Amino acid sequence: RLKKRRVFVQKVCTSWRHVCKDSEMWRKIDMRNLVDVGLNLEIMCRHAVDRSQGGLVEIDIWNFATDSLLNYIAERSSNLRSLRLVMCPLITNDGLAKALAKLPLLEELEFSYCPLSVESLRLVGRSCPNLKTLKLNRLTLMRFPYESDDDALASAETMPKLSHLQLFANNLTDPGLNVILDNCPNLEHLDLRECRSVKLSGDLRASLSKDTRGVFSRYGQSISAKTTEVLEQIHQQQSSLWLKEWLNVHHQALVLQSLGIRVMI
């Protein structure tokens with residue numbers, strides 16, 4: 001991980017300087033700018049990428065990435081396998097698409113709390129045929145958000161090799177979830193926390209595979225059939241809105257316990 005001390009540790013002695021210049025030290029770069037450190041982080045990041053000498057395989061950037069920086073990384077890191085971009089509003093859809101076109105070996109992509117169009121999401125899938133992990137996290141701005149399966153359809157149609165998918169606070173619905181399950185046969189982990197339009201109703205239950213296993217959880221805990229039975233008995237006696245929602249989520253747990261997917265909602 002790239003931390004401020006690594007930039008200066010090379011000045012300790014000649015041995016440390018040689019270590020810091022070794023390209024193997026820069027295969028993974030972690031630049032999470034959670035506070036203002038008073039440094040030009042983009043220049044530091046470019047310098048770290050140069051030191052990797054084309055061997056960079058994983059990079060995390062929070063808050064400060066731009067189109068030019070992303071393009072700089074892509075042009076010098078054709079072996080990149082993992083790219084995480086969090087809270088980087090300066091990255092445009094066009095900039096992301098052009099950079100990813102240069103990263104055909106990418107297997108993991110996180111693009112969280114940044115604007116991303118549906119068409120750009122499709123371009124991501126077409127540009128990165130080996131993508132196995134996608135984390136696309138949205139901001140929750142409304143208590144009752146609108147419903148849209150655009151993200152679900154785009155990822156399902158262009159990323160068939162996905163094994164891990166995170167769609168935090170997405171607006172997808174049951175039909176969108178069904179498309180994901182149908183088109184991503186290797187899916188092992190599905191994180192749908194804060195996706196309030198997913199109900200697991202209708203034909204979705206019937207479409208679940210019998211030879212798979214899964215856990216459906218909203219509050220970070222799995223649930224057994226016996227527990228759900230007891231909760232349903234309580235539900236008959238209690239009619240408060242919060243309890244109805246809680247019971248509904250745990251009832252959905254039973255539906256996905258036959259899936260080979262770890263689902264978090």
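A nonpolar patch on the surface of this predicted model is made by M87, Y113 and L139 and covers about 270 Å². L139 belongs to the loop that runs between β5 (133-135) and α7 (150-158). Its relative accessible area is 57%, so L139 counts as exposed.

**Charges over the ring of Y72**

Two arginines are placed over the ring of Y72. R76 has its charged end 3.5 Å from the ring centre, and R46 lies over the face of Y72 at 4.6 Å from the ring centre. R46 is partly exposed because its relative accessibility is 22%. R76 is also partly exposed, with a value of 34%. Pairing between aromatic rings is another matter: a search of the whole structure finds 0 aromatic pairs.

**Salt bridges**

Side chains of opposite charge can pair when their charged atoms come close. The whole structure contains 15 salt bridges. Three of them are set out below, each with the distance between nitrogen and oxygen.

| Pair | N to O distance |
|---|---|
| E42 and R46 | 3.1 Å |
| E75 and R76 | 3.6 Å |
| R84 and E110 | 2.7 Å |

R46, one of the arginines over Y72, bonds to E42 through a salt bridge with an N to O distance of 3.1 Å. Both residues belong to helix α3 (residues 41-52), and because they are 4 residues apart there, about one helical turn separates them.

R76, whose charged end sits over the ring of Y72, has E75 as a salt-bridge partner. E75 is partly exposed, its relative accessible area being 48%. The pair belongs to a wider arrangement, since D50, E75, R76 and K102 are linked in a network of salt bridges. R76 thus takes part in the network and also has its charged end 3.5 Å from the centre of the Y72 ring.

What separates the closest N and O atoms of R84 and E110? The distance is 2.7 Å, and the two residues form a salt bridge. R84 is in strand β3 (residues 82-86) and E110 in strand β4 (residues 108-112), so this pair ties together parts that lie 26 residues apart in sequence. Is R84 buried or exposed? R84 is buried, because its relative accessibility is 16% and the cut-off for buried is under 20%. E110 is buried as well, with a relative accessible area of 6%.

**Cysteines**

How many disulfides does a search of the whole structure find? The search finds 0. C128 has a relative accessibility of 1% and therefore counts as buried. C184, at 3%, is likewise buried. C128 is placed in the loop between α6 (118-127) and β5. Its C-alpha atom is 8.3 Å from that of M159, a residue 31 positions away along the chain.

**A buried loop residue**

L56 is located in the loop between α3 and β2 (58-62). With a relative accessibility of 0%, L56 counts as buried. In sequence L56 is 25 residues from R81, while in space their C-alpha atoms are 8.3 Å apart.

**Positive phi angles**

Most residues other than glycine have a negative phi. N63 has a positive value, near 80°. This residue is in the loop between β2 and α4 (67-76), and N63 is partly exposed, with a relative accessible area of 28%. A169 also has a positive phi, near 55°, and is a residue other than glycine. Where is A169 placed? A169 lies in the loop between β6 (164-166) and α8 (174-183). Its relative accessibility is 9%, so A169 counts as buried, whereas N63 is partly exposed.

How values were computed. Residues numbered from 1 in each chain as written. Predicted model: local features only at pLDDT ≥ 70, side-chain atom pairs only at ≥ 80, totals over all residues. Heavy atoms only, no water. Phe/Tyr/Trp six-rings, centres within 6.5 Å; stacked < 30°, edge-to-face > 60°. Lys NZ or Arg CZ within 6 Å of the ring centre and 35° of its normal. Patch = residues over 30% accessible without salt bridge, like charges linked within 9 Å, V, L, I, M, F, W, Y side chains within 5 Å. Areas by Shrake-Rupley, 256 points an atom, 1.4 Å probe, with all protein chains shown as cover. Salt bridge = Lys/Arg side-chain N within 4 Å of Asp/Glu carboxyl O. Helix = DSSP H or I, 4+ residues; strand = E, 2+ residues; numbered from the N terminus. Buried < 20%, exposed > 50% of the residue type's maximum accessible area, 1.4 Å probe, protein only. Disulfide = S-S within 2.5 Å.
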